[in-house]
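User: Please take a close look at one buried position in this predicted model, and then follow the surroundings outward as far as the computed values allow. I would like one connected account rather than a list.

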Amino acid sequence: MLNEARAREVGVTTSLTGKVAVVTGAGGGLGRAAALELSRRGATVVLVDRVTRECEQTAALLPGESLAITADITNEDDVDGYLDTARVTFGHVDLHHLNAGVVGSLAPFPSIPVDEFDHVISVNLRGQFLGLRGAFRQFAETKSTGAVVVTTSIHGLRGSADMPVYQMSKHGLVGLVRAGAMYGGPLGIRVNGVAPGIVPTARDEAVRADMSRRAVTGPMRRAGTPEEIATAVAFLLSEDASYINGAILPVDGGASAVNVVRPSGGAGSWSTEEFDTSYYPH
């Protein structure tokens, strides 16, 4: 853990000094960016990911103290295990960023196999439920308070024909955040969600290029960065957000505010024929 003098020396923000934060899905993408931002702000970070090597790579990037734990967030024993290890190692856990998730395929609705549905819902919804339930249980055991941020998505606020199972899971997370906020509020535990828009973190270069291309139709005419999501997460976990509870904060460059039937929202700016021809049977 960085003390405040050392934190100032290396140029990090100290608003989270003394806090212990858990970040799931910390092996890359948004989770890695969030872990780095929390560490820069002085937090000790417990990194949770199912891929040991990637989790350890994140740990090597952090300026402050950290602990890498391999765990499957859909497994109750694994969730209890990473929480117990964090508490035994550091004495307490104050902050939880429940971030891990999967996307699923782009298959048309009638073609989606049940196995895919089960997998996406298990990781994105069951996993976050177990993480939030575990956080509540540990706060009760330690008689402490804290904050939780869940990564949902613009897909939890809007709809599209493709990625339906991913949308279902992210809409479910909006309900999880609000239920958690209602339960946690009287206990001094805040639960909020961050809803990223288009942030190209995929390993596939073609996928990243497609995401960047689609992002130019948004109000800011560009995609977001993992660092821009991370600063929003850090804000919601900090005392600067002490009266924010049950909120879903879109970090999407204004995409969720777009009126798609007006020219400024892209109406008529592209042809739907290409998508309709490829996606719907004829």
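Analyst: Val45 has a relative accessible area of 0%, and is therefore buried, the cut-off being under 20%. The residue sits in strand β2, which covers residues 44–49. Leaving out neighbours within four places in sequence, Val45 is in contact with Ala21, Val23, Ala35, Leu38, Ser39, Leu62, Glu65, Ser66 and Leu67. The C-alpha atom of Val45 also lies 8.6 Å from that of Ala68, a residue 23 positions away in sequence.

Three of the contacts of Val45, namely Ala35, Leu38 and Ser39, are themselves listed among the buried residues of helix α2, together with Leu30, Gly31, Ala33, Ala34 and Glu37. Helix α2 runs over residues 29–40, and its 12 residues should span 16 Å at 1.5 Å a residue; the end C-alpha atoms are 17 Å apart, which agrees with that expectation. Just after α2, Gly42 takes a positive phi of about 105°, and strand β2 is the element that holds Val45.

A second buried position can be set beside this one. Phe139 belongs to helix α5 and counts as buried at 2% relative accessibility. Not counting residues up to four places away in sequence, Phe139 touches Val93, Asp94, His96, Ser144, Thr145, Gly146, Ala147, Val148 and Ile189. The C-alpha atoms of Phe139 and Thr85, which are 54 residues apart along the chain, are separated by 15 Å.

The contacts of Phe139 include Thr145, Gly146 and Ala147, and these residues appear again in the second largest pocket, where they lie nearest the centre along with Lys19 and Glu239. That pocket has a volume of about 200 Å³ and is lined by 14 residues. By class, the lining is made up of 4 nonpolar, 6 polar and 4 charged residues.

Helix α5 also takes part in a charged pairing, since side chains of opposite charge can pair when their charged atoms come close. The side chains of Arg87 and Glu141 meet in a salt bridge, with N to O at 2.6 Å. This pair links distant parts of the chain, with Arg87 in helix α4 (residues 76–90) and Glu141 in helix α5 (residues 114–142), 54 residues apart. In contrast to the buried Phe139, Glu141 counts as exposed at 51% relative accessibility, while Arg87 is partly exposed at 25%.

The search of the whole structure finds 6 salt bridges, and two further pairs can be described here. Asp210 forms a salt bridge with Arg214, the closest N and O atoms being 3.0 Å apart. Both residues lie in helix α7 (residues 205–215), and because they are 4 residues apart, they are separated by about one helical turn. Asp210 is partly exposed, with a relative accessible area of 29%, and Arg214 is likewise partly exposed, at 38%. Glu228 pairs with Arg222, with the closest N and O atoms 2.8 Å apart; Glu228 is partly exposed at 31% relative accessibility, and Arg222 is partly exposed at 41%. Salt bridges that share partners also join Asp210, Arg213 and Arg214 into one network.

Technical notes
Residues numbered from 1 in each chain as written. Predicted model: local features only at pLDDT ≥ 70, side-chain atom pairs only at ≥ 80, totals over all residues. Heavy atoms only, no water. Salt bridge = Lys/Arg side-chain N within 4 Å of Asp/Glu carboxyl O. Helix = DSSP H or I, 4+ residues; strand = E, 2+ residues; numbered from the N terminus. Buried < 20%, exposed > 50% of the residue type's maximum accessible area, 1.4 Å probe, protein only. 1 Å grid on protein atoms, 1.4 Å probe; cavity = no way out; pocket = protein on both sides within 12 Å on 5 of 7 lines; lining within 4 Å. Points joined across faces, edges and corners; volume = space filled by probe spheres on them. Nonpolar A, V, L, I, M, F, W, Y, C, P; charged D, E, K, R; others polar. Expected span 1.5 Å × (residues − 1). Contact = heavy atoms within 4.5 Å.
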